[in-house]
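Work through the exercises below with the sequence and the model side by side. Try each task before reading its solution.

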Amino acid sequence: MPTDVPETESAPGTDYAFDTGAADAVPQLHALEAFLDPITTGRLAAPLLAPGVRCWEVGAGGGSVARAMAAAVGPTGRVLATDLDLTHLRPAGNLDVRRHDVRREPPPGDGFDVIHARLVLLHLPERRRVLRTLAGALAPGGWLVVEEFDCTAPLRVLTAPSDDAAKLFAQVTDAMLSILQSHGADLAWAQDVHAELAAAGLVDVDTVSHAQSWAGGSLGISLYGTNSRQLEPELLDAGLSPGQLDAFRRLLRDSGFAAMSYQFVSSRGRRRGPARP
Ligand SMILES: C[S@@+](CC[C@H](N)C(=O)[O-])C[C@H]1O[C@@H](n2cnc3c(N)ncnc32)[C@H](O)[C@@H]1O
């Protein structure tokens, strides 16, 4: 449910868990983009993205959504892609890039027709305040699109070479979620976004969700492997052994293994008022 309680400022130990600039982040961002871009593109399609529209892509990561936005809005439109880490972002034509911390800095402008944030607010302890700030940076008639994984349901194993393999998958993926929580992530936030958009005064709020099976060896399931590499020191601190992590990564390449993905939840709402002609 939406809350009016102000969130406290950043506490130590609540920084973003992954290193976007690390070599392991490249396959991680590619896997996310391959799985999610087709869904996101559909959610951002006209009437949201159209020639001349001004967009802000928050926590742009590898930049695929920002580049798709820039192509859709054309030379009369403008896209600003921001992130804490600009390693994978390059300005080009109508696409501007700026280092920006959405937790701690005011918006890098206002009057945006489309603002999109995917898998960003989930990680931020101040997510509710940030969502209100994003809503406040919209032009009349502008859209805010917030997309997150709902990590509350256990990842259902569909086929596995053994019961022990299925248990190991659950053990490692649970440990990774605990680490994300310890960095300030809210695993259930995806379920709250719809109500938070409405509470921010937005109208025409709607939500869709998507999940699918991921087979061993697929790009989607490789996300767990790259996440496990990025979080390896903390997984070892949590009591997992190097042998267990190796076995987990072998399992992710095993064509006899399959599990359901996280539920991807896409919510959007519109600021009242007529959109710019
Ligand atoms: C899981 S990645 C998602 C990247 C991209 N949105 C996507 O879905 O492909 C999260 C992104 O949010 C960025 N990020 C994390 N904390 C941030 C903050 N406080 N301000 C701006 N960006 C942040 C990270 O650097 C990373 O690029």
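## Exercise 1: Strands in a sheet

S7 and strand S10 (residues 263–270) pair in the antiparallel sense over six bridges. Strands here are DSSP runs of E with at least two residues, helices are runs of H or I with at least four, and both are numbered from the N terminus. Two strands pair if DSSP finds at least two bridges between them. This is a predicted model: local features need pLDDT of at least 70, side-chain atom pairs count only at pLDDT 80 or more, and totals for chains, interfaces and linings use all residues. Residues are numbered from 1 along each chain as its sequence is written.

**Task.** Find the bridge partner of valine 203 in S10, then place both strands in their sheet.

**Solution.**
1. Start at valine 203; its bridge partner in S10 is arginine 270.
2. Now read the strand order: S3-S2-S1-S4-S5-S10-S7. These seven strands form an open sheet with mixed pairing.
3. Look at the edges. Strand S3 (95–99) and strand S7 (203–210) each have a single partner strand, so one side of each has no neighbour in the sheet.
4. Check the twist. Ignoring direction, neighbouring strands are turned by 15 degrees against each other on average.

## Exercise 2: Two helices that cross

**Task.** At what angle do the axes of helix H4 (residues 163–182) and helix H8 (residues 242–252) cross?

**Solution.**
1. Take the axes, which are lines fitted to C-alpha atoms, for helices over the stretch in contact; angles run from 0 to 180 degrees between N-to-C directions.
2. The axes of H4 and H8 come within 10 Å and cross at roughly 110 degrees.
3. That makes H4 roughly perpendicular to H8 (the class for 65 to 115 degrees; under 35 is roughly parallel, over 145 roughly antiparallel, the rest oblique).
4. List the contact residues (C-beta atoms, placed from the backbone, within 7 Å). H4 gives Ala165, Leu168, Phe169 and Val172, while H8 gives Gln244, Ala247, Phe248 and Leu251.
5. Sort them: seven are nonpolar, one is polar and none is charged. Nonpolar means Ala, Val, Leu, Ile, Met, Phe, Trp, Tyr, Cys and Pro; charged means Asp, Glu, Lys and Arg; the others, Gly among them, are polar.

## Exercise 3: Around the ligand

**Task.** Which helix gives the most to the shell around the ligand?

**Solution.**
1. Count the shell: 21 residues surround the ligand (C-beta atom, placed from the backbone, within 6 Å of it).
2. Pick out the closest: Tyr16, Thr20, Gly59, Gly61 and Arg118.
3. Helix H1 (residues 25–44) gives the most, with three residues.
4. Split the shell by class: nine nonpolar, six polar and six charged.

Definitions and conventions. Near = placed C-beta within 6 Å. Contact = placed C-beta atoms within 7 Å.
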